[in-house]
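These are notes for a colleague at the bench, set out as numbered points to be read beside the model.

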Amino acid sequence: MDNRLVAVTAALVLSSSVHVAGAQEVTLKGITAFAEKTFYSRGFERFIEKVNADGKGVIQINYIGGPKAMPPFEVGNALKTGVVDIANATGAFYTNLMPEADAWKLTERPMVEIRENGGYAYMAALYDQKLNAILLARHIDNNPFHIYLNKPISKPDLTGLKLRITPVYRDFFQALGATVVQTAPGEVYTALERGVVDGYGWPITGIFDLGWQEKTKYRVDPGFYSAEVSILINKATWSRLNDTQKKLIADAARAIEAQAAETVRENEADIARQKAAGIAVIEFTGADAEAFRATAYETGWAGILKQSPVHGAKLREFFAKAYSR
Ligand code: 173
């Protein structure tokens, strides 16, 4: 829980005299950067359902929807400027405003530890300054990314391959020799179908949501990084809420974040489903696997540090497992 949310919740518990009699029901606008009813929107949809059920007469969220309503890479700016009040997005989709947000993918420690070691508060300050927002809940974690291909490779070398990326994968895939093209998730199917790309980066879960298994021959193992999807609220919106409304939002956020542990089960289910769909695994082992993962993290951090040297160095101390200079 964000320290501020903890403080708000605690203050409310302590001062039961805080009263909102006669307060008007508030309706907030909510948007997701992922397609509606797909894996990465589901936690957000559960959050909205909870707020709307528990907040009757007090606070409601009007779910505007996903990429049909707004391009995913514009969600960050819509949240920052208050065009929407609440958003579900991943850091890679708003690096234009906050390059450091993409560093969430590099966390090698559990979020509870990152909350304790100061990493969370450090990020919260950046969200405040750069996105005019408060991070309510990271509901996706422990969910590795993979390379999916339609041409086989025999070693960690992507020379000659053109891959679909977002900022998550750019530095890593380029370091392995790939040519890259950035697209929103909604354009991946067509890019594969037309042979515009030879593969794509995506986490272990969710490829069935958009039918990509039909156009995918191989998955490369091991995975790398830990996907992040979070629920964010505009700061001005938050400050307009009364304590009861804030508590309803904070409680729903906490409940959804607690469900993030279930992701590991979903990972296993999708691994089995990919196998059943005939997606072959290209597996690197031993030194190749170690070098592959080491390159992922080294290039990932190098990318963050290039864009934000001071914050990047701090975040690396909070997020990386055993980082020594
Ligand atoms: O590949 C992507 O679109 C991407 O960056 C992402 C990030 C988190 C979850 C799912 C996809």
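1. Leu163 is buried, because its relative accessible area is 0%, which falls under the 20% limit for that class. The residue belongs to strand β6, which covers residues 162-165. Its C-alpha atom is separated by 27 Å from that of Arg138, although Leu163 and Arg138 stand 25 residues apart along the chain. Please keep in mind here, and in every point below, that this is a predicted model.

2. The surroundings of the ligand deserve a careful look. The residues around the ligand number 15, and those that come nearest are Arg164, Thr166, Val168, Tyr169 and Trp202. When the shell is sorted by residue class, ten of its members are nonpolar, three are polar and two are charged. Strand β8, made up of residues 199-203, gives the most to this shell, with three residues.

3. Which side chains place an N or O atom close to an oxygen atom of the ligand, and at what distances? For Tyr169, the distance between an N or O atom of the side chain and an oxygen atom of the ligand is 2.5 Å. For Arg164, a polar side-chain atom lies 2.7 Å from an oxygen atom of the ligand, and for Thr166 the corresponding distance, again from an N or O atom of the side chain to a ligand oxygen, is 2.8 Å. Taken on its own, the ligand has 290 Å² of accessible area, and the protein covers 100% of it. The space that the ligand takes is also the largest cavity.

4. Strand β8 can be followed further through Pro203, which is found in that strand. Pro203 counts as buried because its relative accessibility is 5%, and buried means under 20%. The C-alpha atom of Pro203 is separated by 8.3 Å from the C-alpha atom of Ser226, a residue 23 positions away along the chain.

5. Ser226 itself lies in the loop between β9 and β10. With a relative accessible area of 6%, Ser226 is buried. Ser226 and Asn142 are 84 residues apart in sequence, yet their C-alpha atoms are 5.3 Å apart in space.

6. Tyr225 is found in the loop between β9 and β10, where β10 covers residues 229-234. Its phi is near 60°, a positive value in a residue other than glycine. Most residues other than glycine have a negative phi, and most peptide bonds are trans. Is Tyr225 buried or exposed? Tyr225 counts as buried, because its relative accessibility is 5%.

7. A second backbone feature to check is Lys37, which has a positive phi of about 65° although it is not a glycine. Lys37 has its place in the loop between β1, residues 26-32, and α2, residues 39-54. Lys37 counts as exposed because its relative accessibility is 63%, and the limit for that class is over 50%. Tyr225, by contrast, counts as buried at 5%.

8. Where is the cis peptide bond? A cis peptide bond joins Asp221 and Pro222, with omega at about 5°. Pro222 lies in strand β9, which covers residues 218-224. This bond and the two positive phi values are worth inspecting in the model, with Tyr225 near 60° and Lys37 at about 65°.

9. Thr32 lies in strand β1. With 0% relative accessibility, Thr32 counts as buried. The C-alpha atoms of Thr32 and Thr90 are separated by 9.8 Å, while the two residues are 58 residues apart along the chain.

10. Asn143 lies in the loop between β4, residues 133-140, and β5, residues 145-149. Asn143 is buried, with a relative accessible area of 0%. What joins its side chain to that of Tyr40? The side chains of Asn143 and Tyr40 are joined by a polar contact of 2.6 Å.

Notes:
Residues numbered from 1 in each chain as written. Predicted model: local features only at pLDDT ≥ 70, side-chain atom pairs only at ≥ 80, totals over all residues. Heavy atoms only, no water. Near = heavy atom within 4 Å. Polar contact = N/O pair within 3.5 Å; in protein donor to acceptor, adjacent residues only side chain to side chain. Areas by Shrake-Rupley, 256 points an atom, 1.4 Å probe, with all protein chains shown as cover. 1 Å grid on protein atoms, 1.4 Å probe; cavity = no way out; pocket = protein on both sides within 12 Å on 5 of 7 lines; lining within 4 Å. Sits in = over half its atoms within 2 Å of the grid points. Helix = DSSP H or I, 4+ residues; strand = E, 2+ residues; numbered from the N terminus. Nonpolar A, V, L, I, M, F, W, Y, C, P; charged D, E, K, R; others polar. Buried < 20%, exposed > 50% of the residue type's maximum accessible area, 1.4 Å probe, protein only.
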